[in-house]
Amino acid sequence: MKTYRIALLPGDGIGPEVVGGARRVLEAVADRADLDFRYEVAAVGGAAIDAYGSPLPAPTLELCRFCDAVLLGAVGGPQWSDPSASVRPEQGLLSLRRELGLFANLRPIPVFPELQGLIPLRPEVLAGVDLLVVRELTGGLYFGPRKEQGADSDAWDTLLYCEAEVERVARVAFTAARGRRRRVTSVDKANVLASMRLWRRVVERVASEFPDVELEHRLVDSCAMDLVRQPAGIDVLLAGNLFGDILSDLAAVLAGSLGLLPSASLGEGSLGLYEPVHGSAPDLAELGVANPVAAVLSSAMLLRHSLDLDDEARDVEIAVSAALATHRTADVAAAGETAIGTSEMIDAILHQLDHPAPIPSRAGQGK
Ligand code: IPM
Ligand code: MN
């Protein structure tokens, strides 16, 4: 029996609930495929600040390095957001990404035909949408030199990219495009920012290694408009850290809810960090109502990218899609429809996993 070690980092807010749900799905997958998944639970974010005084305690980082994959819930909450605090929950997540060298963040936008009625865009705009955001994750404005305000009247962050950082994430985007519609839309602000002119030059150079993939450049401002005006024209959207952060939340509109979007953060090896794109939603915490789909689809990406279990990943995606046809948490329920809770949604997914629907519809396109 093959053994895999999976680190579970529930974090804050709804994190523990959605990670708990995703764990039930992973357990079912392991049972069906006769695999041995060993789970190791560790603290991150605000929960880790409270318990250890650090948002990424050393044992948590060590554990992640030792595992085959990491599934994280969410970090942050009002009790830790005092602007003058010396440590913040988000630092835990950022350090984890950086320490594990996870420079490429894949955020597929899952399209569920059953949910199209909830999306505030016309059906003809949504037709043919199939989008993967590739976000650079360990550089850019998030990690450049910075100065906190302190006693001064200014504070600053620096948008800095070096060629090697752009090159490696661009390669991930072009490689992904090869398994899709062979089109990369690179987002920048090259008309204003020097770092973004470097970004564009390097992406062009990488594109020359992929003559079978079409490259186009778009400025981030007009790209934001195109994302909701003509989203079907975009296949792989390649962006730097901050632009990718913003545009992926915008792209969530195309899925119907932020509660549906999974992500995979990858580096050079097979170790990856998988987490919902959504945050900790403190207002929903402990109510048992959070949508676990983003965490479950993140687990599917974990199966695919870190454990090389592509069939199992696809089974989970199909089960999610089938479950959503009839079962909805509050964020995706239509007006007047009764919403179910987190654990009922997991029950529905597990039921579909055991009784696959005859006609599978499309779920998250994780490649
Ligand atoms: C995300 C989140 C994080 C980010 C925060 C929590 C640090 O918004 O994963 O998109 O900005 O990267
Ligand atoms: Mn974000």
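Student: Let's start with a cysteine. Is Cys223 buried or exposed?

Tutor: Buried: Cys223 has 0% relative accessibility. Bear in mind that this is a predicted model. To read such a percentage, take under 20% as buried and over 50% as exposed, with partly exposed in between. Cys67 also counts as buried, at 6% relative accessibility.

Student: How many disulfides does the structure have?

Tutor: Zero, from a search of the whole structure. The general test is whether two cysteine sulfurs lie within 2.5 Å. Take Cys67: the closest cysteine sulfur belongs to Cys64, and because the gap is 6.6 Å, that is too far for a bond.

Student: On to accessibility in other residues. How does Pro10 rate, buried or exposed?

Tutor: Pro10 counts as buried, because its relative accessibility is 18% and the cut-off for buried is under 20%. Pro10 sits in strand 1, residues 3-11. Leaving out residues up to four places away in sequence, Pro10 touches Gly15, Pro16, Val19, Val41, Ala42, Gly73 and Ala74. You can also set chain separation beside spatial separation: Pro10 and Arg24 are 14 residues apart along the chain, and their C-alpha atoms are separated by 14 Å.

Student: And what is the accessibility of Asp249?

Tutor: Asp249 has a relative accessible area of 37%, so it is partly exposed. You'll find Asp249 in helix 9. With the same allowance for sequence neighbours, up to four places away, Asp249 touches Leu258 and Val277. For a long-range pair, try Asp249 and Thr60: 189 residues apart in sequence, and 28 Å apart in space from C-alpha to C-alpha.

Student: Now helices. How do I check the span of helix 10?

Tutor: The general idea is to multiply 1.5 Å by one less than the number of residues, then compare that with the distance between the end C-alpha atoms. Helix 10 has 13 residues, so it should span 18 Å, and its end C-alpha atoms are indeed 18 Å apart. Helix 7, residues 194-207, can be read this way too: its 14 residues reach 20 Å, close to the 20 Å expected.

Student: Which residues of helix 7 are buried?

Tutor: First the general idea: an α-helix has 3.6 residues a turn, so residues three or four places apart point the same way. In helix 7 the buried residues are Ser195, Met196, Leu198, Trp199, Val202, Val203, Val206 and Ala207. Those residues pack against strands 5, 8, 9 and 10, and against helices 6 and 9.

Student: How many residues of helix 10 are buried?

Tutor: Of its 13 residues, 12 are buried, so helix 10 is mostly covered. The buried set includes Val293, Leu297, Met301 and Arg304.

Student: What about backbone angles? Which sign does phi have at Asp34?

Tutor: Most residues other than glycine have a negative phi, which makes a positive value worth a look. Asp34 is not a glycine, yet its phi is positive, about 60°. Asp34 lies in the loop between helix 1 (15-33) and strand 2 (36-41). Glu286 is another non-glycine with a positive phi, about 65°. Glu286 is in the loop between strand 12 (272-274) and helix 10, and it counts as exposed because its relative accessibility is 74%.

Student: Last topic, pockets. What is the volume of the largest pocket?

Tutor: About 810 Å³. Next, look at the lining: there are 33 residues, and the closest to the pocket's centre are Arg88, Glu90, Gln91, Leu94 and Tyr142. Helix 4 gives the most to this lining, with five residues. By class, the lining has 14 nonpolar, seven polar and 12 charged residues.

Student: Which residues lie nearest the centre of the second largest pocket?

Tutor: Leu106, Val172, Thr175, Leu266 and His305, from a lining of 16 residues. Strand 4 (104-109), helix 6 (163-178) and helix 10 each give two or more residues to that lining, and helix 6 gives the most, with three. The volume of the second largest pocket is about 330 Å³, and its lining has six nonpolar, six polar and four charged residues.

Notes: Residues numbered from 1 in each chain as written. Chains lettered and ligands numbered in written order. Predicted model: local features only at pLDDT ≥ 70, side-chain atom pairs only at ≥ 80, totals over all residues. Heavy atoms only, no water. 1 Å grid on protein atoms, 1.4 Å probe; cavity = no way out; pocket = protein on both sides within 12 Å on 5 of 7 lines; lining within 4 Å. Points joined across faces, edges and corners; volume = space filled by probe spheres on them. Helix = DSSP H or I, 4+ residues; strand = E, 2+ residues; numbered from the N terminus. Nonpolar A, V, L, I, M, F, W, Y, C, P; charged D, E, K, R; others polar. Buried < 20%, exposed > 50% of the residue type's maximum accessible area, 1.4 Å probe, protein only. Contact = heavy atoms within 4.5 Å.
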